[in-house]
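Please walk me through this model as you would at the bench, one stretch at a time. I would like to know what sits where, and how far the model can be trusted.

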Amino acid sequence: MTEDIEFTDPNGNTAQPSESGTVIPETDRSITDHDIARYLLQYLLDCRGICHENMLLVVLGKLQKYTQDPTSQVCSTDKLVEIIKGINVKLNPLGYKISSVGHGMGKNNVSSMLKDTGLPSNNRFYVYVNTVTSEESKLATRFSTREIEFIKWCVEKMCVSRDCEVIIDCPIITEVDRIRNDVSWNKCITYSVESSEFFQYKDWSPIEIESLLFKLCGLKWFAKDENGRISMDLRCSVELEEYLIANGISTCENCHRLALQGTRCTSCSRSWHVDCYQHRITHIGKYCPCGESILQNGMYIVCLLYTS
């Protein structure tokens, strides 16, 4: 989910790989907080603009070994947030920012997909996003006009939920059942689409469609499972969040972000991300605001149908 990168040392020395494989600056002189911020941004961009919080904390910890100020050597989530805020101040005039978002599939599922860092599990990712106003303008920074029309057509298809099979060993279903401590529900919906549906686009050849879908998956805008289904990836959902909500995708009752993965009440369609669902059951109550039990009367929301 992350990639090793080569840092350019501000003092002109050659960068050398650390034991973990990540390349960090080798220098006899200290680096500044400004340098650290620049390296973190470089790392995030080299990870295609999306990176889990723990991986950024690992990089931050390695960089802070090269500072002389003891107060700058404290590696914590608060320190990372402070640095990200500083980066965003400088990115704002350029129409970009780094946004923090929780992954709907839950911290346990996210952690199972990451290299062990020794840090506590969490579901937070940092995403480099465009802040311009229109969705077309956001897409225009990366794609041609012709590509934008195809992407919008694809996204509209993925805004429609579809009934799907309840696959017992699907990670989201497994985690929700663990939280409920009960047998599986019998209903599941998905916002993913069979890739064959995208090849029905009349204005493009199959080769052109396949090439752009591959590009979108590489940029982490779309994701594809082992069965060939395609869904919006986290980066797409963050950048196009307002557009997707306006097109009917529900938001989480707890954190009010897009609910593309998690659970839904079968009576009123209120939705929760996996971790938000656990928070509600543990700290608020086991009933939906509509009065139905969210332990018994629910359905799963899955993005992709891959198995663990």
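Leu94 is exposed, because its relative accessible area is 60%, above the 50% that marks an exposed residue. You will find Leu94 in the loop between α3 and β4. Follow the chain onward from there and look across to Thr131: Leu94 and Thr131 are 37 residues apart in sequence, while their C-alpha atoms are 8.9 Å apart in space. Please keep in mind throughout that this is a predicted model.

Let us step back to the whole chain for a moment. The protein chain has 308 residues, and 50% of them count as buried. It holds 12 helices and 13 strands. Among contacts between residues at least 6 apart in sequence, 62% join residues at least 24 apart.

How far can you trust the picture? The mean pLDDT of the protein chain is 85, with 84% of its residues at 70 or more. Confidence is lowest in strand β1 (residues 16–17), where the mean is 41, and highest in strand β12 (residues 271–272), where it is 97. Over residues 1–23 the pLDDT is below 50, and this stretch has 60 contacts in the model beyond near neighbours in sequence.

Now turn to helix α1, residues 33–46. Its 14 residues should span 20 Å at 1.5 Å a residue, and its end C-alpha atoms are indeed 20 Å apart, so the expected and modelled spans agree. The buried residues here are Asp35, Ile36, Ala37, Tyr39, Leu40, Leu41, Tyr43 and Leu44. Several elements help to cover them, including β3 (50–52), α2 (53–64), α3 (77–91), β4 (96–102) and β5 (124–130).

Just after α1 comes Arg48, with a positive phi of about 65°. Arg48 lies in the loop between α1 and β3. It counts as partly exposed because its relative accessibility is 38%, which falls between the 20% and 50% cut-offs. A second residue to look at for its backbone is His256, whose phi is also near 65°, a positive value in a residue other than glycine. His256 belongs to the loop between α11 (241–246) and β11 (262–265). With a relative accessible area of 56%, His256 is exposed.

Helix α3, which comes before the loop of Leu94, is the next stop. It has 15 residues and reaches 21 Å from its first C-alpha to its last, close to the 21 Å expected at 1.5 Å a residue. Lys79, Leu80, Ile83, Ile84, Ile87, Asn88 and Leu91 are buried in α3. These buried residues pack against α1, α2, β4 and β5.

Further along the chain, helix α12 (residues 274–284) also has buried residues: Val274, Asp275, Cys276, Tyr277, Arg280 and Ile281. Their packing partners are α4 (107–112), α7, β11 and β12.

Where would you look for the largest pocket? Its lining draws on several parts of the chain: β3, β4, α7 (171–180), β9 (222–224), β10 (229–232) and α10 (234–239) each supply at least two residues. The largest share, 3 residues, comes from α10. The volume of this pocket is about 640 Å³. Of the 32 residues that line it, the closest to its centre are His103, Ala223, Asp233, Leu234 and Gln261.

Finally, the cysteines. How many disulfides does the model hold? A search of the whole structure finds 0. Take Cys290 as a case: its closest cysteine sulfur is that of Cys288, at 3.6 Å, and this is too far for a bond, because a disulfide needs the two sulfur atoms within 2.5 Å. Is Cys290 buried or exposed? Cys290 is partly exposed, with a relative accessible area of 36%. Cys154, by contrast, is buried, and its relative accessible area is 0%.

Methods:
Residues numbered from 1 in each chain as written. Predicted model: local features only at pLDDT ≥ 70, side-chain atom pairs only at ≥ 80, totals over all residues. Heavy atoms only, no water. pLDDT = per-residue confidence, 0-100. Helix = DSSP H or I, 4+ residues; strand = E, 2+ residues; numbered from the N terminus. Contact = heavy atoms within 4.5 Å. Expected span 1.5 Å × (residues − 1). Buried < 20%, exposed > 50% of the residue type's maximum accessible area, 1.4 Å probe, protein only. 1 Å grid on protein atoms, 1.4 Å probe; cavity = no way out; pocket = protein on both sides within 12 Å on 5 of 7 lines; lining within 4 Å. Points joined across faces, edges and corners; volume = space filled by probe spheres on them.
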